[in-house]
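Biologist: Could you take one small spot in this model and look at it closely, then walk outward from there? I'd like the backbone and burial details, not just the overview.

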Amino acid sequence: MIRLALCVLCGVVFFTCGPSRNKSGISRLNVSFNSNWKFHPGDVIGAESETFDDHSWRVLRLPHDWSIEGEFNPAHPATVGGGALPGGTGWYRKTFTICDTDSIKRYVIRFDGVYMNSEVWINGVYLGKRPNGYISFEYDITPHVHFGSRANVLAVKVANEPQPNSRWYSGSGIYRNVWLKKMHKTYIDRNETFIVTPDITPKKASVVVSATFRNSLEETQKVTALFELKDPDDKVVAKKEIDLLLDPGQHMTIPVSMDVAIPKLWSVHSPHLYKSVIYLFDGRQLLDETEDNFGIRYFAFDPKGGFSLNGEPMKIKGVCNHHDLGLLGSAINTRALERQLEIMRDMGVNAIRTAHNPP
C-alpha cells in the first residue's frame, strides 16, 4: 500500500486490537456487515416486519449505489446538478444469527453513511431515522436481538427524496460500509476519544488524551484504565493508569496528560505517526481497548508570512474533492480512493478539502 502524506483538515480515527494483561480472547470485535443483503427498489409496505417475505429480492454486497445503475436523463428530479440519475426510495434487508454464548455482550450496528433519510428496524423494532446522508451513525441493538438459532432481521428504508436535494452527485442507498460491533457492556466510547498536543518544544511534547468510559450494566463496576503512547517504532514512550468507579448507566470522561520526550514531528515529507492506546480492565480481564493514530505538529497562519508547519513556511496546494468516484458512482471503493489520492499527490497536492460533507 503506497504511503501518502496529505495535510487534511479533518480528524481520522482507526481501530485495531492491542495487547492485554490477560491475552486470552479479544475484548472487542468490529465485523464487516456488508455481505448478503437483499435489496428492492421502490417503496414496499410492511418490509420492516421480521416475517416479511423477501425471497424474491435481489441479493447484493454493500456498499451499494442504486442511482449509478439507472439511465442518465436530465428529466430526472435530481436534475443535471444532481447527476441526472434516478433517486427515489429503496429497501434493504439482512438476516443473521448471534450465538447464545454472546448474550452477555453489547451489540451495535454502525452505518458509515446512507444517502439519505434512512430509517432502521431490527426484528420489527424501530431504531430511528438519520436524515443526513453523509453522517456516520449507530444504534444499540442489544435489547432487541434474538440469541441462538432464531434469526434476526435488519431492515433499512432509504428515501433519496424529495429532489432535487443536492447540487452535486450524491448517489442513493447504503453507499458506505456497515459494521456489527460486539463488546463488553462496560466499554470505551469510540465516538468520544479526542487527542490534542497543546505544547510542543524540541525537548518534549504534551499530549492530552480525553476518553469516555460507559457502564451499561445494572451494577457498579470498578475498573482500571491504562493509557499508553507509542512512538512511530511502536515503542511505549509514556503511560498512565487510573482507577474508575462507574455506577450503573454512568459515563465518565477522563482527560489524561502525558509527555513525549524529543518528539518526532509530523509533516507532509516525514509523516511520523504516534499511537494512543487505551485499555480498560476489570482486574486482569481486558474489557475493551482502542487505538488511535495521531501526529505531533504545530502550525500557524500569518497575514504577512502565510501558512507555516512546524515553524517552516509552506504553500498550501489544495483541492476540493467530492465523495463520489466518477462513473463508478458513490459506493465506497478503497482502491478507487487510493488511486484518487495518488493522482492528486503526483499533481503536487498537499491539502484536501472534503467537499462538502464528512468523508
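Biologist: Let's start in one loop: what relative accessible area does Asp234 have, and is it buried, partly exposed or exposed?

Modeller: Quick caveats first: this is a predicted model, where local features need pLDDT of at least 70, side-chain atom pairs count only at pLDDT 80 or more, and totals for chains, interfaces and linings use all residues. Numbering runs from 1 along each chain as its sequence is written, and side-chain values use heavy atoms, with hydrogens and water left out.

Now your residue. Asp234 has a relative accessible area of 41%, so it is partly exposed (buried is under 20%, exposed over 50%, partly exposed in between, with a 1.4 Å probe and protein chains only). Asp234 sits in the loop between strand E15 (221-230) and strand E16 (236-246); strands here are DSSP runs of E with at least two residues, helices are runs of H or I with at least four, and both are numbered from the N terminus. What catches the eye is the backbone: Asp234 takes a positive phi of about 70° without being a glycine.

Ile262 does something along those lines, with a positive phi of about 45° although it isn't a glycine either. You'll find Ile262 in the loop between E17 and E18, and at 65% relative accessibility it counts as exposed. Leu273 belongs to the loop between strand E17 (251-261) and strand E18 (274-282); its relative accessible area is 36%, so Leu273 is partly exposed. Ignoring neighbours within four places in sequence, Leu273 is in contact with Asp231, Pro232, Trp266, Asn293, Phe294 and Gly295 (contact means heavy atoms within 4.5 Å).

While we're on loop backbones, look at the cis prolines too. The Leu62 to Pro63 peptide bond is cis, with omega near -5°, and Pro63 lies in the loop between strand E4 (58-60) and strand E5 (88-96). The bond from Glu161 to Pro162 is also cis, with omega near 0°; Pro162 falls in the loop between strand E10 (152-160) and strand E11 (178-183).

Loops also take part in salt bridges (a Lys or Arg side-chain nitrogen within 4 Å of an Asp or Glu carboxyl oxygen), and the count comes to 21. In one of them Arg28 pairs with Asp288, the closest N and O atoms being 2.5 Å apart. That pair ties together distant parts of the chain, 260 residues apart: Arg28 in the loop between strand E1 (7-8) and strand E2 (29-32), and Asp288 in strand E19 (residues 285-294). Arg28 and Asp288 are both buried. E19 also supplies Asp292, which bridges to Arg190 in the loop between strand E12 (186-188) and strand E13 (194-200), 102 residues away. The N to O distance for Arg190 and Asp292 is 3.3 Å, and here too both residues are buried.

Then there's the helix. The protein has one helix and 24 strands. H1 (residues 334-347) has 14 residues and reaches 20 Å from first to last C-alpha, close to the 20 Å expected at 1.5 Å a residue (that is 1.5 Å times one less than the number of residues). Its buried residues, Ala336, Glu338, Glu342 and Met344, pack against strand E23 (318-322) and strand E24 (351-355). Arg335 and Glu338 meet in a salt bridge at 3.1 Å, N to O; they're three residues apart in H1, so about one helical turn separates them. Arg335 is partly exposed at 44%, whereas Glu338 is buried at 19%. Just after H1, Gly348 has a positive phi of about 100°.

Zooming out, 46% of the 359 residues count as buried. The C-alpha trace spans about 65 × 55 × 30 Å along its principal axes. Among contacts with a separation of 6 or more, 71% come from residues 24 or more positions apart. No disulfides turn up (that would need two cysteine sulfur atoms within 2.5 Å).
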